[in-house]
Amino acid sequence: MNLREDWQFRGLVHQTTDDTVLDRLSAGGLTGYIGFDPTAPSLHLGSLMQICLLRRLQLAGNRPIALAGGGTGLIGDPSFKDAERPLLDAERLAANVEGIREQLSRFLDFSPSAGASRALLLNNADWLTTISLTDFLRDVGKHFTVNQMIAKEAVRSRLERDDVGLSFTEFSYMLLQAYDFLRLHQDHDCTLQLGGSDQWGNIVSGVELVRKVTGHSVHAITSPLLVNADGKKMGKSEGTSQRVWLDASLTSPFAMHQYLLNTDDASTPSRLRCFTFLSHDEIRELDESLVSAPQERRAQRALADAVVTFIHGEEAARAAQRAADALFSETISDLDETTLLAVVADAPSSSWSREELAHGVEATQLLVRCGLAKSLGEARRFIEQGGVYVNNRRLEPDPDVTIDLSRALHDRYLVVRRGRRELHLVVAA
RNA sequence: GGGUCGGUGCCCGAGCGGCCAAUGGGAUCUGGCUGUAAACCAGACGGCUUUGCCUACGGGGGUUCAAAUCCCUCCCGGCCCA
């Protein structure tokens with residue numbers, strides 16, 4: 001099984017500048033890079049494709065470079081964005097870059113024993129913030145015509161719209177990314193850039209720059225953008241429509257596991273291919289299970305287990321499974337205290353005074369203070385709509401109900417749930 | 001700098017002096033059916049001490065019994081001109 005066959009099976013390739021680059025990657029010994037935007041202090045599931053690509057590259061004997069966009073982040077990529085984005089300040093950006101570096105370092109092999117395929121982690125702030133403006137315009141800008149630049153699909157909608165514009169700052173972004181490729185080529189012999197299909201324009205700008213400056217031909221591979229069945233980019237969690245972060249303190253392993261477990265049937269085969277390292281046979285078998293026994297959701301389970309294991313480790317994946325089993329099977333009141341705590345370990349929790357709880361707390365108050373409702377009005381609605389559960393038992397739809405210790409498990413715990421999957425653990429101190 | 005059009009709730013977008021917490025669509029949320037999916041159906045969707053009150057229609061000021069709606073001014077954006 002070589003890389004070309006594997007990537008084709010998995011559907012990882014959308015476009016290439018030169019199809020034969022896949023054969024050279026299969027042979028190993030190439031250096032390829034992917035850039036990561038430091039728009040937040042953590043990467044999220046939307047970047048998982050890219051992370052996996054670098055890893056696949058490395059597993060096939062090539063050298064991966066993960067490039068943190070500490071410099072490009074100062075500008076902001078306008079590609080396919082429908083509005084100008086607010087600039088991040090340098091401090092926040094530096095913190096974000098640090099967070100991302102730390103995460104990337106976990107997914108690739110940076111040890112000397114990796115030899116020629118030892119991974120590299122760089123930050124483009126190192127060269128983008130030090131080059132002088134005039135040097136940049138003479139050495140980089142001179143190689144581009146505005147005519148080509150405005151023809152790019154990625155910025156076209158912004159140029160055509162009559163309600164928003166495109167600032168020169170964002171417009172310049174593609175030159176910075178092109179310069180990255182040039183530097184990586186010159187300094188690290190990098191001859192390949194990968195990215196999502198929305199990056200095609202930026203990447204080929206780099207390919208052209210390298211050719212014009214050095215005469216060398218370097219290459220681009222883009223991967224398809226994965227969207228959910230509803231057509232939106234994936235990676236936003238159900239409950240809060242927040243992103244699903246890779247940082248366990250931002251998105252618990254349990255929440256991530258749940259997110260993946262809820263992947264719709266139609267999207268599951270492509271997710272298994274892009275986000276896991278399961279064998280082709282295993283994947284085909286899981287495809288089959290989606291048809292023969294969809295209600296078992298074996299494919300979704302395999303996906304969730306594989307991804308959570310990859311990102312948070314086996315123990316976290318197992319814990320997430322256990323928690324899900326208990327929480328959705330209504331056996332929660334039978335659990336002993338230790339198991340109960342293990343099961344809800346991932347959920348947010350709060351400590352309450354025993355006297356207050358013994359006296360009884362209005363359910364609406366409880367929901368707001370647990371963060372499960374934004375206002376008393378919203379809490380009232382949830383209760384009236386029958387969307388609130390205590391210890392997995394639905395609360396009667398009366399907005400005036402009070403909760404007291406008589407409902408508590410082990411005389412201390414109240415597992416409060418809103419809707420299908422928003423949880424909070426109340427502990428009587 | 002000049003001209004012109006515009007800034008409405010999470011987003012898009014109606015409203016253009018009282019009947020407006022503001023039509024409609026999308027997103028989101030809850031429930032139902034299922035498989036903790038998808039699709040579909042129903043409901044909700046500023047806040048509160050909820051037959052009412054408060055806060056909101058870019059910011060500030062004004063006219064009026066009454067303003068998202070009129071006037072002044074400032075800020076921000078698009079387009080055209082210089």
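Helices are DSSP runs of H or I at least four residues long, numbered from the N terminus. The model shown in these views is predicted.

**View 1. The whole of chain A, for orientation.** Chain A holds 20 helices and 13 strands. Its C-alpha trace spans about 80 × 50 × 40 Å along the principal axes. There are 429 residues, and 50% of them count as buried. Take the contacts in chain A with a separation of 6 or more: 72% of them link residues 24 or more positions apart. The domain assignment splits the chain into domain 1 (3–223), domain 2 (253–329) and domain 3 (346–428).

**View 2. Asparagine 202 in helix α11.** Helix α11 covers residues 200–214, and asparagine 202 sits within it. Is this residue buried or exposed? Asparagine 202 has a relative accessible area of 5%, so it is buried, the cut-off being under 20%. Its side chain makes a polar contact with the side chain of glutamine 177, at 3.4 Å. Leaving out residues up to four places away in sequence, asparagine 202 touches Asp77, Ser79, Tyr173, Met174 and Gln177. Glutamine 177 therefore appears both as a polar partner and in this list of touching residues.

**View 3. Helix α1 and what covers it.** Helix α1 runs from residue 3 to residue 10 and is mostly covered. Six of its eight residues are buried. They are Leu3, Arg4, Asp6, Trp7, Phe9 and Arg10. Which elements cover them? Helices α2 (21–27), α3 (48–59), α13 (268–275) and α14 (280–292) are among the covering elements. Strands β5 (192–196) and β6 (219–223) are also included.

**View 4. The two ends of α1.** Asparagine 2 caps the N-terminal end of this helix. A side-chain oxygen of asparagine 2 lies 3.1 Å from the backbone nitrogen of arginine 4. Arginine 4 is itself one of the buried residues of α1. Glycine 11 follows the helix. Its phi is positive, near 70 degrees.

**View 5. Where domain 2 meets domain 3.** The domain centres, taken over C-alpha atoms, are 30 Å apart. Six residues from domain 2 and six residues from domain 3 take part in the contact. About 520 Å² is buried between the two domains, with carbon and sulfur atoms giving 55% of that area. On the domain 2 side, Phe254, Leu327 and Phe328 lose the most area to domain 3. Together these three account for 69% of what that side buries. What polar links join the domains? The count of residue pairs in polar contact is zero, with both residues required at pLDDT 80 or more. The count of salt bridges is also zero. Helices α12 (253–261) and α16 (314–328) each supply at least two residues of the domain 2 side. Helix α16 gives the largest share of that side, three residues.

**View 6. Two buried cysteines without a disulfide partner.** Searching the whole structure gives zero disulfides. Why does cysteine 190 have no such bond? Its closest cysteine sulfur is in cysteine 52, and the 19 Å between the two sulfurs is too far for a bond. For cysteine 274, the closest cysteine sulfur is again in cysteine 52, at 8.4 Å, also too far. A disulfide needs sulfur atoms within 2.5 Å. Cysteine 190 is buried, with a relative accessible area of 0%. Cysteine 274 is buried as well, at 2%.

Notes
Residues numbered from 1 in each chain as written. Chains lettered and ligands numbered in written order. Heavy atoms only, no water. Buried < 20%, exposed > 50% of the residue type's maximum accessible area, 1.4 Å probe, protein only. Domains from an automatic or database assignment. Contact = heavy atoms within 4.5 Å. Buried area = accessible area lost by both parts, 1.4 Å probe. Salt bridge = Lys/Arg side-chain N within 4 Å of Asp/Glu carboxyl O. Polar contact = N/O pair within 3.5 Å; in protein donor to acceptor, adjacent residues only side chain to side chain.
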